[in-house]
Amino acid sequence: MQQLLAMKLILTLTLGVAVLALSAGTATATCDTLTVGHYRQSCRAAETIVRDTVKLYFSKDQTVTAPLLRLHFHDCFVRGCDGSVLLNATAASGPAEKDAMPNQSLDGFYVIDAAKAALEKECPGVVSCADILALAARDAVSMAAGNINGASLWQVPTGRLDGRVSSAAEAVANLPSSFADFAKLKEQFGSKGLTVQDLAILSGAHAIGNSHCVSFAKRLYNFTGKGDADPTLDRAYAAAVLRAACPPRFDNATTVEMVPGSSTTFDTDYYRLVASRRGLFHSDQALLQDREAAATVRAMARSSRQAFFRRFGVSMVRMGNVGVLTGTAGEIRKNCALIN
């Protein structure tokens with residue numbers, strides 16, 4: 001992953017939105033395996049089919065963006081970006097990634113399945129589920145940024161194969177926790193070849209979506225086991241907003257917006273919340289524990305949407321290169337939930 005630093009980027013502006021394009025000489029940036037337009041000859045309509053599928057569901061429910069983005073994140077952090085998060089458990093395999101506690105609230109599988117069905121009809125056995133995850137995440141975020149009919153925010157190198165192994169235990173061990181301190185987050189991202197800046201930028205994914213109260217209630221009522229609150233959280237905000245939404249005896253189904261009033265819009269509001277000690281998760285606020293991460297948070301809080309989109313696209317490409325399978329290491333699943 002260190003080779004990613006050699007990436008050459010061309011930034012173009014299309015319809016007023018920064019679009020990330022990879023230059024022709026970027027083989028090292030994609031681990032010598034992934035390329036933009038990988039399906040240009042084998043399935044010309046592949047990216048259009050995925051985008052149209054995401055658009056269909058987004059037009060009905062704009063909250064679909066966060067689940068699709070989260071699926072891609074959770075896939076890449078366990079065994080790499082190999083679609084293993086989509087596999088069902090079997091008697092032989094035991095509990096799969098989606099059965100792990102951190103993944104039991106995952107959603108959006110139906111969008112991936114719909115895209116896969118359409119692709120299998122158009123180009124049987126050609127497009128991997130791992131690539132569908134990466135493309136769907138990009139398309140959903142682009143739409144949440146206001147580009148429902150416009151250009152994508154970044155180009156996705158494709159050519160991943162699907163893995164054949166999915167383990168709940170590995171998901172528990174590898175997925176970052178919402179209660180993690182910065183040192184742990186840095187260690188986990190670093191183990192994937194991702195930098196502190198990637199960590200701070202990819203945390204911007206929390207600009208969209210909702211969270212169950214159970215994911216952060218400890219910060220409000222029992223942070224150290226003594227009935228106290230997380231000292232990194234703004235007290236007035238916690239009382240007026242978070243405790244009001246999640247009282248001490250909250251329902252486990254109760255959710256709150258990651259960014260109040262802006263849970264379906266991809267923008268920089270998340271960074272302004274974190275900079276003012278109002279991030280929802282302890283892991284959000286932990287970004288201020290590190291000088292470089294804190295500087296990135298404050299820079300993004302002041303930046304334009306286009307500048308954030310550009311940097312988010314760069315880090316998403318880097319994450320999308322983690323642990324990819326090629327050659328004989330994987331397969332193209334016919335059904336994303338089942339190995340062939």
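This is a guided tour of one protein chain, stop by stop, in a predicted model.

**Stop 1: histidine 74**

Select His74. The unreviewed UniProt entry puts the feature "active site" here. Which helix holds this residue? Histidine 74 sits in helix H2, which covers residues 65-76. Is the residue buried or exposed? Its relative accessible area is 13%, and buried means under 20%, so histidine 74 counts as buried.

Now show what surrounds the residue. Leaving out residues up to four places away in sequence, histidine 74 touches Val85, Glu97, Pro102, Asn103, Leu106 and Leu175.

**Stop 2: H2 against H4**

Keep H2 on screen and add helix H4, residues 129-144. Two packed helices are described by the angle between their axes and the distance between the axes. Here the angle is about 145°, and the axes of H2 and H4 are 8 Å apart. The crossing of H2 and H4 is left-handed. From H2, select Thr65, Leu68, Leu69, Leu71, His72 and Asp75. From H4, add Leu133, Ala134, Ala136, Ala137, Ala140, Val141 and Ala144. These residues make the contact. Colour them by class: ten are nonpolar, two polar and one charged.

**Stop 3: along H4**

Hide H2 and look at H4 alone. How far apart are its end C-alpha atoms? They are 22 Å apart. At 1.5 Å a residue, the 16 residues of H4 should span 22 Å, so the two values agree. Bring the rest of the chain back. In H4, 16 of the 16 residues are buried, so the helix is largely enclosed by the rest of the structure. Then step past the end of the helix to glycine 146. This glycine has a positive phi, near 105°.

**Stop 4: H1 against H3**

Select helix H1, residues 46-60, and helix H3, residues 109-122. They pack at an angle of about 145°, and their axes lie 9 Å apart. What is the handedness of the crossing of H1 and H3? It is right-handed. On the H1 side, pick Ala46, Ile49, Val50, Thr53, Val54 and Tyr57. They meet Tyr110, Val111, Ala114, Ala115, Ala118, Leu119 and Glu122 of H3. By class, this contact has eleven nonpolar residues, one polar and one charged.

**Stop 5: the loop between H2 and H3**

Two residues are worth a click here. Start with arginine 79, in the loop between H2 and H3. Most residues other than glycine have a negative phi. Arginine 79 has a positive one, near 70°. It is partly exposed, at 40% relative accessible area.

Next, click serine 93, which lies in the loop between H2 and H3. Serine 93 counts as partly exposed, with 41% relative accessibility. Now draw a line to valine 165. The two residues are 72 places apart in sequence, but their C-alpha atoms are 7.7 Å apart in space.

**Stop 6: proline 176**

Select Pro176. UniProt lists this residue as a "binding site", in an unreviewed entry. Where does proline 176 lie? Look in the loop between helix H5 (168-174) and helix H6 (182-190). Proline 176 is partly exposed, with a relative accessible area of 31%. Its contacts, beyond residues up to four places away in sequence, are Phe77, Leu185, Gln188 and Phe189.

**Stop 7: serine 263**

Move to the loop between strand S6 (255-257) and H10, and click serine 263. Is serine 263 buried or exposed? At 12% relative accessibility, serine 263 counts as buried. It touches Ala207, Ile208, Gly209, Asn210 and Glu257, not counting residues up to four places away in sequence. Then find glutamine 197, 66 residues away along the chain. The C-alpha atoms of serine 263 and glutamine 197 are separated by 23 Å.

**Stop 8: arginine 277**

Go on to the loop between helix H10 (269-275) and helix H11 (282-285), where arginine 277 lies. Arginine 277 is not a glycine, yet its phi is positive, about 65°. At 36% relative accessibility, arginine 277 counts as partly exposed.

**Stop 9: H13**

Finish with helix H13, residues 305-320. Its 16 residues reach 22 Å from first C-alpha to last, close to the 22 Å expected at 1.5 Å a residue. How many of its residues are buried? Twelve of the 16 are, so H13 is mostly covered. Among the buried ones are Phe308, Phe309 and Phe312. Others to highlight include Val314, Met316, Arg318 and Gly320.

Conventions
Residues numbered from 1 in each chain as written. Predicted model: local features only at pLDDT ≥ 70, side-chain atom pairs only at ≥ 80, totals over all residues. Heavy atoms only, no water. UniProt positions renumbered as here; feature names shortened; annotations may be inferred. Helix = DSSP H or I, 4+ residues; strand = E, 2+ residues; numbered from the N terminus. Buried < 20%, exposed > 50% of the residue type's maximum accessible area, 1.4 Å probe, protein only. Contact = heavy atoms within 4.5 Å. Expected span 1.5 Å × (residues − 1). Axes fitted to C-alpha atoms, helices over the stretch in contact; angles between N-to-C directions. Left-handed = near helix turned anticlockwise from the far one by under 90°. Nonpolar A, V, L, I, M, F, W, Y, C, P; charged D, E, K, R; others polar.
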